[in-house]
Structures are given as C-alpha cells and as structure tokens.
Amino acid sequence: MTKRNLALIYGGDSAEVGISILSGRNVSRYIDRSKYNVYHVLLKGASWQVVEVSGEGTESNPEAGMTLLTQVDKNDFSFTLQGEKIKFDLAMIMIHGTPGENGVLQGYLEMMGVPFTTSFSAVSASAFDKQICKVLLREFGFKLAPDVCLRKGKEFSVKKIVEKLGLPLFVKPCSGGSSFGVSKVLKEEELEEAVKLAFRHSDTVLVETYISGREITQGAYMDGEKIVALPVTEIIPHNTFFDYEAKYNGLSDEICPADIDPVKVEEISTITRNIYDCLGCRGIVRVDYFLCDDGSVVFLELNTVPGMTAMSLVPQQIRAAGLDMMQVITGIADIT
C-alpha cells in the first residue's frame, strides 16, 4: 500500500497559537505511520515551515525541539527536501483560531484540491463566528441564550442592553477561542470595559444573558458511517467561569463521564449529532452547553477544531469511551 503524505498543520495567527502547537504535537502520536508519511507544518502568517520535531513541547515553550527543514511552496502545496519534491495528499488541521478554524486555510486547500480533516470553509467560517452560528442554529430550533451583537465603531447603550438581557451577562468576542477576551459582568458599570476587552480580540462582540446551570461539553466525529457522540463532560471551574486558566492551568474539575441521568445524556447526544448534521460538520468537533435546572439544554458554542492536547477535553472523552486514540485519529484521516 502506498503511503499518503499528510501535512499536520498547526500554529496560526491568534492568541491560541501555543495550544494549537501542543495539540498538533499530541495528535501526531496517533497517526498510523504504516499508512501515512507525517510532515509537521508550523504555520505563522506567510511563513509555512516544514519542521522536524523531537522531544516534548511545553506551555511556556511549545516550539521546543523544532528544527526548520524547508518552506512549503504555496503554489501547489508541496515542499522540496534534499532535491526531492513532495506534494501533500491531505491535511490534518490543528490550528485553533485564524486561519485554521475560521475557514481561511480550508478555502486555500479547497482551491488546491487537497482534502482536509475539518469542516469545509463555509461551515468553518459560520461556526467560528459565534453570532452567525447562533443565527443558523436558531433557525433550526435549538435553545440559545438571548443576546445582543455589537460591532466595532458603532455606538451602543449600556442601559438598553441591560434592560433587554438583565444581569449577570457574558461578553465575548464573536471570533476567538480559549476564552480570550471573555468577561462575566455582574454590574451595569462593568459592561463597557468588558466590551472594550472583547473588541481587542474581534471586530464583533456578543453580549449574552447569563444562563444558570451546569456547564457541559461533548465531542463528536464522523467515523465513516455515523456521527459518534462521545461521553459528556461536566466542567466545574474554580474561577467564576471556564476561562483560560481553568481550561489549561488545572483550575477546574472536569468530570467525564458526567454524573447525568442516562436518558438526559442521550438527549444531549442527539442534540450534538443534530448540530453536527444540520451545519454539515466534518472531523472532530466539540459542542458546549449549559444544562439548566429545568432540564433544558442551552447551546453555548461550537468548536470545529477543538483542543487536542493531552489534557484537553476531547481526548479525555475518547479515553472515557474506551476508544483507541490511534483508531479515532487515523480513522478520520482514512475517510478524508
């Protein structure tokens, strides 16, 4: 069997670059080398470097042990090494944020005719913008928190927002992840500063009604025949919400599988599969919700390139399901 040349792409141009690199390095362990020649591609702006990787990266130095081999030729998505021209047969995208989660990189690969493991460019772009994603899901009848969308340079009234949505509120950039720029607002006078912070990360900002409930999340992927919903995780942050510190510095309790009635778990899994199907997702995604006291499941956000570090939520769920990481990751490449 001829091996396929796989570009494992990570890095990117957002505040999530470090997590992306660690996700890519972790996923690399689970790509079957008997089927694939795996080449690491560190993408930062216009620099697309093929790198050799040894040892382990850390949060403080995710690029540790990386050696530059050559640059990718973007004219045909190939590279030349020791006089040999190598064209990539497919791409596994591990970039969180731009350009790998917002559809930009996907659009390039679509033009090049190179298959890739994530959702198509239009789906990625729609899912990445929290406000657009909510507009689409609202049309399909999913339960969502009431919100107001603000655009940079446009005036807004703090008083009117509070009158419409009440307090507390969540303020978040429409484009972004890992909770960068997200604030929980308890008082009316805190809202303006929270909006300013969010605008540092995105030109559009979503202000949402605070939903009281248990924060839960669930990964899903297509195995070639069906959409597989992974075990549900309950997140109990030590901070006021599941921010960057809680996600990546251990300041949260992540219970997987969550202590939730099996009937309710199946309901959540059905919602996750329906979101995956309605939006036309591909590859591994993660959907975040609030499980309210009245039993309702309120959509929070969709991650089309979720974190895949050793301590990330989706790998935890794969292990909790008793699945083999190599079979899952390599299986996704196999059907790409």
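This report describes salt bridges in a predicted model, with attention to the network around E208.

Because the model is predicted, local features need pLDDT of at least 70 and side-chain atom pairs count only at pLDDT 80 or more, whereas totals for chains, interfaces and linings use all residues. Residues are numbered from 1 along each chain as its sequence is written, and side-chain values use heavy atoms, with hydrogens and water left out.

A salt bridge is taken here as a side-chain nitrogen of Lys or Arg within 4 Å of a carboxyl oxygen of Asp or Glu, and this rule gives 16 salt bridges. Three of these pairs are listed below.

| Pair | N to O distance |
|---|---|
| E208 and K134 | 2.7 Å |
| K172 and E208 | 3.0 Å |
| E193 and K196 | 3.5 Å |

Helices (H or I, at least four residues) and strands (E, at least two) are DSSP runs numbered from the N terminus. E208 belongs to strand β11 (residues 204-209) and K134 to helix α4 (residues 130-139), so their salt bridge ties together parts that are 74 residues apart in sequence. K172, in strand β9 (residues 169-173), is linked to E208 across 36 residues.

Buried means under 20% relative accessible area, exposed over 50%, and partly exposed in between, with a 1.4 Å probe and protein chains only. E208 is buried at 4% relative accessibility, K134 is buried at 2%, and K172 is buried as well. These three residues belong to a network of salt bridges that also includes R138 and D147.

The pair E193 and K196 lies within helix α6 (residues 191-199), where three residues, about one helical turn, separate the partners. E193 is partly exposed at 47% relative accessibility, and K196 is partly exposed at 42%.
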